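Q: I have a structure open and would like to learn how to read it step by step. Could you walk me through it?

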Amino acid sequence: MRFRHRAAAGFATLLLPLAGLVGLASPAEAATSATATYSKTQDWGSGFEGKWTVKNTGTTALSSWTVEWDFPSGTSVTSAWDADVTSSGTHWTAKNKSWNGTLAPGATVSFGFNGTGSGSPTGCKLNGGSCDGGSVPGDNPPSAPGTPTASDITNTSAKLSWSAATDDNGVKNYDVLRDGAKVATVTTTSYTDTGLTAGTDYSYTVQARDTADQTGPVSGARAVRTTGGTTEPPPTTGDKVKLGYFTEWGVYGRNYHVKNLVTSGSASKITHINYAFGNVKNGQCTVDDTYAAYDKAYTADQSVSGTADTWDQPLRGNFNQLRQLKAKYPNIKVLYSFGGWTYSGGFGQAAANPAAFAKSCKAVVEDPRWADVFDGIDIDWEYPNACGLTCDTSGAAAFKNLTQALRAEFGSNYLITAAITADASSGGKIDAADYGGAAQYLDWYNVMTYDYFGAWDKTGPTAPHSPLTSYSGIPKEGFNSAAAIAKLKGKGVPAGKLLLGIGFYGRGWTGVTQSAPGGTATGPATGTYEAGIEDYKVLKNSCPATGTVAGTAYAHCGSNWWSYDTPSTIAGKMTWAKNQGLGGAFFWEFSGDSSNGELVSAINSGLS
C-alpha cells in the first residue's frame with residue numbers, strides 16, 4: 001500500500017542556501033552615519049533565526065545599504081527575507097532590496113534569515129565601514145516577555161498585561177502584536193487594544209526592544225474573544241472526527257492555500273486538520289519547508305483574515321494562515337504531522353532514542369512563534385518494522401515505545417495520533433508492529449484505507465484502490481477497509497479510536513479494454529502531477545464513474561480505467577463507519593476536492 005508522498009522536486013531550490021546565487025557587490029559608501037545591529041531572535045536547537053537592523057543615524061538620507069559579516073565554520077544562512085544574501089566561504093553579504101534601500105534620517109530597516117550552527121557574527125561592516133552597533137559582539141537582545149494576560153474585555157477592546165523582559169543594557173519598549181502584526185509600541189507592560197470587532201477571536205503576543213533597537217523573541221500567545229457580535233454558524237460536524245490533510249507544498253504548483261478551506265465551505269464541516277509534513281532528520285522532528293510554513297507573505301485578498309502580511313511581522317506563511325483560520329472557526333484543531341511516505345526514513349533512528357525524539361517534536365510544536373497554532377502531533381511512519389520507501393527493522397515494539405514517549409513528553413492536554421497501514425493480509429504490515437499496545441497512548445489512528453491497488457502493477461489487473469469490502473476477484477485478500485478495521489479491533493484497538501481513510505483522488509491504468517475490474521493494462525494513465533494518479537475534481541468531469549464495486553466507484557473512458565470515491569460512495573462508507581462504531585473519518589487531501597467541497601460535504605453529512 002502506498003500513501004501519497006511529498007511531490008517537492010520542483011520546489012527544492014526554495015530550501016537551499018542563498019549563497020552563490022549572485023556575485024558579491026562592492027560597498028556603496030562609508031558607514032559614517034549609520035549603524036547595523038544583530039540579534040538572534042529565535043533558537044530552536046536545530047537552527048535559529050537571526051535579524052539585522054540598519055539605522056540611519058545621520059542627517060541625510062541613505063540611498064542603499066550593504067551589511068557584511070563573518071560566521072565561523074559550521075554556521076550558515078539557509079534562507080533569508082527582505083535582503084539579497086550571498087556568501088563567499090564564511091563571509092556573508094546582505095544588500096537591500098529595490099524597495100527598502102532608501103533610509104531617511106532616523107529611520108530603520110530590518111532583514112532576517114534562518115540559519116544553522118551555533119556561531120555568532122563577527123567583523124560586521126556597513127557600507128564598507130564599521131557597523132558601530134554595539135551588538136557585534138557584546139550586546140545581547142532582550143529576553144521574551146511573559147505571556148500576556150487579558151482583562152476588561154468588551155465588544156471592541158481588551159486590556160493586555162505582561163511581565164517585563166530583561167536585557168543587559170535595559171529594555172526601551174515593547175511591540176504588541178495582534179494576529180502576528182504589530183499594532184502598538186509601548187514603554188509600559190500593559191496596553192489596551194481598541195477598535196476591535198465584537199464576537200471576534202484575536203491572538204496577542206509581545207516582544208521587547210532594547211536601547212540599541214534590538215528585538216527579542218516573541219512571548220507566548222494569548223487568545224482573546226471580544227464580547228457580543230455574531231459568530232460563524234455553529235458547526236454541524238456532530239461528535240465524530242472529520243479530519244483532512246493540508247499539504248505544505250500545495251501552496252506552490254497546486255496553488256491551494258488555507259483560505260481555500262473557507263471559500264470552498266469545507267472549514268465549517270471539519271473538526272481537525274493535519275498539517276503535512278514535518279520532516280524526521282537524525283532522529284528528530286524538524287520543520288521541512290520553512291518558507292511555506294512561516295515566511296511566505298500573503299496579500300489581503302489571499303489571506304483568511306483579509307489583512308495583508310507585513311514584511312516585519314514575526315509569523316507569516318501557512319502557520320499564520322492556520323492561526324487566522326482557527327480564530328474564524330474556533331472548533332477546528334490543528335495537528336502537526338511528521339513523516340509521510342518520503343520522510344519516514346528517519347523514524348528508525350528516532351526509535352533508538354524515543355525520549356529524545358519526543359522532546360524534539362515538542363520543541364517544534366511549541367515553538368513560541370506558533371505555539372497557539374497546533375493542538376497536537378500526528379506520526380505518519382510508513383512503516384514500523386516493515387517496508388515503505390525504505391525498510392525499517394526497528395522491531396515490533398518500536399512503534400509502541402515511540403508513542404509512549406510522545407505521550408509522556410506531551411502530556412494529556414495534547415492530541416497524539418498516528419496514520420497507520422491498512423494492510424490486513426496474513427503476516428502483513430498490521431501484524432508487523434504492536435498497534436494494539438500503542439493504542440493506549442494515542443487519541444486515534446488514521447487507518448490509510450486507500451492505495452491498496454494501483455498502476456505500480458503496470459499490467460494490472462485493474463482494481464479499485466480503496467475497496468470498502470472484499471469482492472470476487474480482488475487481487476489480494478486482506479486488502480480492503482473492512483478487513484483492516486476488523487484486524488485492528490481484533491488486536492485490541494477500540495473502534496472509537498479508528499478513523500476510516502478516504503482518498504480525494506483516483507488511481508488508474510491505460511491500455512484497458514475491459515470496463516469491469518480485473519482487466520489488463522499497458523501502464524499508468526496520464527495524471528496532472530504524476531502518472532497513474534489524478535484528483536477527484538478532475539476525474540469527475542474527465543472520466544465520470546461508470547460503475548461501483550466493493551463500495552467505491554470505477555470509470556472506464558476510452559482506454560483508461562480509474563477508481564475513485566464520489567459523494568455517493570463516500571455516503572455509503574460513512575454509514576458503514578457509523579455502524580462499526582468508528583471514531584470518524586479522515587481524508588488525503590483537501591486540494592483534490594472540487595472548489596465547492598463536494599467530498600468534504602459528503603463526509604460531514606454522512607457522519608452527522
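Q: Let me begin with one residue: is asparagine 385 buried, partly exposed or exposed?

A: Happy to help! This is a predicted model, where local features need pLDDT of at least 70 and side-chain atom pairs count only at pLDDT 80 or more, while totals for chains, interfaces and linings use all residues. Residues are numbered from 1 along each chain as its sequence is written, and side-chain values use heavy atoms, with hydrogens and water left out. Buried means under 20% relative accessible area, exposed means over 50%, and partly exposed is in between (1.4 Å probe, protein chains only). Asparagine 385 has a relative accessible area of 27%, so it counts as partly exposed.

Q: What is phi of asparagine 385, and where does the residue lie?

A: Its phi is positive, about 60°, although asparagine 385 is not a glycine. For its place, you need the elements: helices (H or I, at least four residues) and strands (E, at least two) are DSSP runs, numbered from the N terminus. Asparagine 385 sits in the loop between β21 (376-380) and α7 (398-410). Aspartate 451 also has a positive phi, near 60°, and belongs to the loop between β23 and α10. With a relative accessible area of 0%, aspartate 451 is buried.

Q: Which peptide bonds are cis?

A: Look at omega. The bond joining glycine 460 and proline 461 is cis, with omega about 5°. Proline 461 is in the loop between β23 (444-447) and α10 (481-490). Another cis bond runs from tryptophan 588 to glutamate 589, where omega is near -20°. Glutamate 589 falls in the loop between β31 (584-588) and α13 (598-607).

Q: Stepping back, how many helices and strands does the protein chain have?

A: The chain has 13 helices and 31 strands. Of its 608 residues, 56% count as buried. The C-alpha trace spans about 85 × 55 × 45 Å along its principal axes.

Q: What does the radius of gyration say about the protein chain?

A: This value is taken over C-alpha atoms, and the globule rule is 2.2 Å times the number of residues to the power 0.38. For 608 residues, a compact globule would have a radius of gyration near 25 Å, and the 26 Å of the protein chain agrees with that.

Q: How many disulfides are there?

A: A disulfide is a pair of cysteine sulfur atoms within 2.5 Å. By this rule the count is three. Let's take them in turn.

Cysteine 285 and cysteine 361 have their sulfur atoms 2.0 Å apart. Cysteine 285 is in strand β19 (residues 284-286) and cysteine 361 in helix α6 (residues 354-365), so this pair ties together parts 76 residues apart in sequence. The angle about the S-S bond is 60°, a right-handed link, and both cysteine 285 and cysteine 361 are buried.

Cysteine 387 and cysteine 391 have sulfur atoms 1.9 Å apart; their link is right-handed, with 110° about the S-S bond. Cysteine 387 is partly exposed at 38% relative accessibility, whereas cysteine 391 is exposed at 54%.

Cysteine 543 and cysteine 557 are joined with an S to S distance of 1.9 Å. This link is left-handed, with -115° about the S-S bond. Cysteine 543 lies in the loop between α11 (536-542) and β28 (547-549) and cysteine 557 in strand β29 (residues 552-557), so the pair ties together parts 14 residues apart in sequence. Cysteine 543 is buried at 1% relative accessibility, while cysteine 557 is partly exposed at 25%.

Q: Which strands stand at the edges of the sheet with the order β5-β6-β3-β8-β9?

A: Strands of a sheet pair through backbone hydrogen bonds, either parallel or antiparallel. Here, two strands pair if DSSP finds at least two bridges between them. This open sheet has five strands with antiparallel pairing. Its edges are β5 (84-88) and β9 (129-130): each has a single partner strand, so one side of each is left without a neighbour in the sheet. Within this sheet, strand β3 (residues 66-70) and strand β8 (residues 122-126) pair over three bridges, with aspartate 70 opposite threonine 122.
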